[in-house]
Amino acid sequence: MGARPCSDGVAFRVWAPHASGVSLVGTFNDWDASAHPMQSEPRGYWYAFVDSARIGDHYSYLLSTEWGAIRRIDPYAREVTHSAGDSIVHDPAFDWEEGAFSSPPWNELVLYELHVGTFNDAALSQPGQFTSVTARLEHLKRLGINALEIMPVGQFAGNRSWGYNPSQIFAVDSGYGGSLGFKRFIQNAHQAGIAVILDVVFNHFGPSDLDLWQFDGWSQNGKGGIYFYNDHRAHTPWGDTRPDYGRGEVRQYILDNVRMWFEDYHLDGLRFDSTGFIHCIGDAGSEEIPDGWSLLQAINDTVARDFPGRITIAEDMRSNAWITKDVGAGGAGFGSQWDPHFVQPIRRAVITAMDEDRGLESIRDAILHRYNDDAFERVIYSESHDDVANGQARLPQDVNPGDPTGWYAQKRSTLAAALVFTSPGIPMLFQGQEFLEGGWFRDSVPVDWDQRQEFHGIVRLYRDLIRLRRSCEGVTQGLCGQFTHVFHLNGERRVLAFHRWNRGGPGDDVVVIANFSHQPLDDCRVGLPAAGAWKLRFNSDWQGYSDSFAGHPSGDVEAVPGDWDGLPCHSTCSIGPYSALIYSQ
């Protein structure tokens, strides 16, 4: 499908079942509609081979229909001039210079979600590009990030967008740097030891600058034609542009797109936007779309079979364990999914102003929630692009709108971060979170990189948490493990403690103690799973993280035998306000 260059020309194929004729027009024939008529093939396909066409040529399809002549961008175009412009014959060749890079195991992933258009500090008049992100790879590597989750880069209308309005899903946005720019960026990320996961949008297309709309003139009920449902199933919150998942050619179009990202771009995973609107109609999901569910199964079956080790992540947000169940068991087959059971209670817990209104039970449940008894079938976070816009702000801003970089904002947002990196799941940050990015997310406001210097201590806090989460020193392997036990929950003092482990024992057992009160505690007795010395690996109240932190004197402890909190040993520790301590042996 699309334009495929060969040594002696270019082969073109397009699907337009209701056209009576199709011609190729382009720079190779001076846009002459009579020069290269396409040959009709079975099932509505049209084909032509043009020996005068070359890589870099601009082209379009000119369709003759009973509704008149229609000029269209190639639905499979790998490159376009812009969202309402011309298709370009794309050069698929790229020297990847592949080394020994392989994506980390899923239980060791630390994700960093970013938006290419704002991940820059260039002039406000221009959105960021892939080169802007490449320039910051050293910062991300030093932070400890080993996987980027990139918001959509498919060609969209206009110069600025979140990316969730794809007009051509096979073409990389030309403003970001196009296909070549994206490949170079992925190559640079891999050379830095960082995997790349891309956000894709199949729950709707467009709705603006959408050449797929009534592509060959035909439609029913005033809807979108051959690529879309033409009845009530077309409706989504973003327009009546839900693809027709039951039509074989449309299913293949989406499957081909998934394959392209892995084959041509060497991506390490895909994150699927709002999958609830693929398999259901409406926010409540009251009407199912069986064709959408079977498409998700087909996608994940293809990825598991042909691209082993690559991760697929669903943003379903409906707490549906079937999303991450195996296809063979009837599930959708995703590797993991964003978890509303974590982000919502954790944000609520740290945003709540009064300590007495902060319930520890909801925090406990957020820590322990899992899908299909697998800790890593969920992605956990306290900020994502959805949670810091649309009426919500960055977490420090929500904690204290009047002073988003002050003590309360710093203490409670970093307490949430400590839970993100110590709870079971795949942890994720949103761009700038590591240096208290404030306000709310907009596609017109770049990340304030000056804050990286101003809050360099907070950056170090995140770096220390990430190193512990990945067990870079070999002493906190339990944070990559499956098992969690919340063993201490003191509602009066607002202290919660939990145990993480994989196999157990020194270097594996990890104990996390969190104080959700504005008061420090000097006599906090908690149970511990083994006797002997427990070393303090992290104290979020350390003054090195912020001049406004008190540096409450927490330290190593000695566990002595004696049942406490249902564990065989215990000790007493000291902990600062709104702080987290991480211990291991």
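**Group meeting: a walk through the loops, rings and charges**

Let's start with R43, which you'll find in the loop between strand 5 (39-40) and strand 6 (45-50). When I say helix or strand, I mean DSSP runs numbered from the N terminus, with helices being H or I of at least four residues and strands being E of at least two. R43 has a phi near 65°, a positive value in a residue other than glycine. R43 is also exposed, with a relative accessible area of 61%. On that scale, buried is under 20% relative accessible area, exposed is over 50%, and partly exposed is in between, using a 1.4 Å probe and protein chains only.

A quick word on where this comes from. This is a predicted model, where local features need pLDDT of at least 70 and side-chain atom pairs count only at pLDDT 80 or more, while totals for chains, interfaces and linings use all residues. Residues are numbered from 1 along each chain as its sequence is written, and side-chain values use heavy atoms, with hydrogens and water left out.

Now to the loop between strand 14 (195-200) and helix 4 (248-263). D209 is in that loop between strand 14 and helix 4, and D209 has a positive phi of about 50° although it is not a glycine. At 33% relative accessibility, D209 is partly exposed. P207 lies in the loop between strand 14 and helix 4 too, and the peptide bond leading into P207 from G206 is cis, with omega near 20°.

Next, the aromatics. What describes a pair of aromatic rings? The distance of the centres and the angle of the planes. Here, rings of Phe, Tyr and Trp (its six-membered ring) pair if their centres lie within 6.5 Å; planes under 30 degrees apart are stacked, over 60 edge-to-face, and the rest tilted. That rule gives 38 aromatic pairs. Take W213 and F228, a tilted pair with 5.8 Å centre to centre and 50° between the planes. Both residues are in the loop between strand 14 and helix 4, so their pairing ties together parts that are 15 residues apart in sequence. W213 is partly exposed at 27% relative accessible area, whereas F228 is buried at 0%.

Right beside F228 in the numbering is Y227, and Y227 pairs edge-to-face with Y253, at 5.2 Å centre to centre and 65° between the planes. This pair links distant parts of the chain, from Y227 in the loop between strand 14 and helix 4 to Y253 in helix 4, 26 residues apart. Are these two buried or exposed? Y227 and Y253 are both buried. Ring pairs also join these residues into a cluster, whose members include W15, Y76, F170, W213, Y227, F228 and Y253.

Some rings have a charge for company. A charge sits over a ring if NZ of Lys or CZ of Arg is within 6 Å of the ring centre and within 35 degrees of the ring normal. The charged end of R318 does this over F277, 5.2 Å from the ring centre, and R525 does it over W564, at 4.9 Å.

On to charge with charge. How many salt bridges are found in the whole structure? The search finds 25. A salt bridge is a side-chain nitrogen of Lys or Arg within 4 Å of a carboxyl oxygen of Asp or Glu. Back in our loop, K223 and D240 meet in one, at 2.8 Å from N to O. They're 17 residues apart, both in the loop between strand 14 and helix 4. K223 is buried at 18% relative accessibility, and D240 is partly exposed at 25%.

In helix 4, R259 and E263 lie four residues apart, about one turn of the helix. Their side chains form a salt bridge, 3.1 Å from N to O.

Last stop: helix 7. Helix 7 (residues 340-351) has twelve residues and reaches 16 Å from first C-alpha to last, close to the 16 Å expected at 1.5 Å a residue; the expected span is 1.5 Å times one less than the number of residues. Among its buried residues are F342, V343, I346 and V350. What covers the buried residues of helix 7? The cover includes strand 19 (336-338), helix 8 (360-368) and helix 10 (407-422). At the N-terminal end, D339 caps helix 7, with a side-chain oxygen 3.0 Å from the backbone nitrogen of H341.

Technical notes:
Contact means heavy atoms within 4.5 Å. A polar contact is a pair of N or O atoms within 3.5 Å; within protein, one must be able to donate a hydrogen and the other to accept it, and residues adjacent in sequence count only if both atoms are side-chain atoms.
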